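Trainee: I would like to go through this model with you, one question at a time.
Mentor: Go ahead.

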Amino acid sequence: MAAMTTTDYLINAVFVLIVFRQARERELDRRSVIIPLAILAYVAHLYVRSIPTAGNDIVLIGALGTVGLMLGVASGFATHVRAGENGLAVARVGWIAGALLIAGIGSRMVFAFALSHGARHAVASFSMAHQIGAAAWPVALVLMALLEVGTRIAIVQLRGRHAMKTTAATIPAVA
C-alpha cells in the first residue's frame, strides 16, 4: 500500500468538511443525494481498479465493508430527520452521527498515516500471517467508506420520506 498523497489527504478533508456542513439543517432534495454519490463514484474510480481474491483478501474486504455498513446504519439512524415546511424533509447530523462519521474517516486516515510512519512492517507481518495481499487493503478501506456513506444516505432519504408521509397522514383534511 502506497503512502498517502496530498490528494488523499485533501479528499479526506473534504469528507470531514461535508460532515461539519451537515451539522446545519438542510433539505433532503436531489442535491443531497446526487452530490455525495458523485463523490463516491469518483473515489471508487480513483482507487478501485480490481477486486483482489487471493488468500483471505475477500475476508478483509468483507470485514471492513461490514464495519462501514454498520457505521453507515448507525449514523443514518442517529441523524435528525423531520418533515420540513417546503414539502421536503430536512436532516441534520447530530453529535452521535457526526462522531460516527468522523470515526470512520479518522480510522482510515490513522491507518494510512501509521503505515507511512512506522507500522508498515507490522501490517506486512499481519498480512503475510493471514494471507492478505497488499492490493486488498486499499480496496477494503475504500469499500468501507463507500458503504458507510452510501448506507447513511439511503437511510436518511428513507427516513425523510417516512417523515413526510407521517406528517401528511396526520394533517386533517379541510372540507
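**Arg 108 and its surroundings**

Mentor: Start with one pair: a polar atom of the Arg 108 side chain lies 3.2 Å from the backbone oxygen of Gly 104. A polar contact is a pair of N or O atoms within 3.5 Å; within protein, one must be able to donate a hydrogen and the other to accept it, and residues adjacent in sequence count only if both atoms are side-chain atoms. This is a predicted model, where local features need pLDDT of at least 70, side-chain atom pairs count only at pLDDT 80 or more, and totals for chains, interfaces and linings use all residues. Numbering runs from 1 along each chain as its sequence is written, and side-chain values use heavy atoms, with hydrogens and water left out.

Trainee: Is Arg 108 buried or exposed?

Mentor: Arg 108 sits in helix α4. Helices are DSSP runs (H or I, at least four residues), numbered from the N terminus. Buried means under 20% relative accessible area, exposed over 50%, partly exposed in between (1.4 Å probe, protein chains only). Arg 108 has 11% relative accessibility, so it counts as buried.

Trainee: Which residues is Arg 108 in contact with, leaving aside neighbours within four places in sequence?

Mentor: Contact means heavy atoms within 4.5 Å. By that test, the partners of Arg 108 beyond those neighbours are Leu 141, Met 144, Ala 145 and Glu 148.

Trainee: How are α1 and α4 oriented to each other?

Mentor: Axes are lines fitted to C-alpha atoms, for helices over the stretch in contact, and angles run from 0 to 180 degrees between N-to-C directions. The axes of α1 (residues 6-21) and α4 (residues 95-129) come within 10 Å and cross at roughly 170 degrees. Angles under 35 degrees count as roughly parallel, over 145 as roughly antiparallel, 65 to 115 as roughly perpendicular and the rest as oblique. The pair is therefore roughly antiparallel.

Trainee: Which residues of α4 does α1 meet?

Mentor: From α1 come Tyr 9, Asn 12, Phe 15, Val 16 and Val 19. In α4 they meet Gly 98, Leu 101, Ile 102, Ile 105, Met 109 and Phe 113.

Trainee: Is Gln 131 buried or exposed?

Mentor: Gln 131 is in the loop between α4 and α5. Its phi is positive, about 55 degrees, although it is not a glycine. Most residues other than glycine have a negative phi. At 53% relative accessibility, Gln 131 counts as exposed.

Definitions and conventions: Helices (H or I, at least four residues) and strands (E, at least two) are DSSP runs, numbered from the N terminus.
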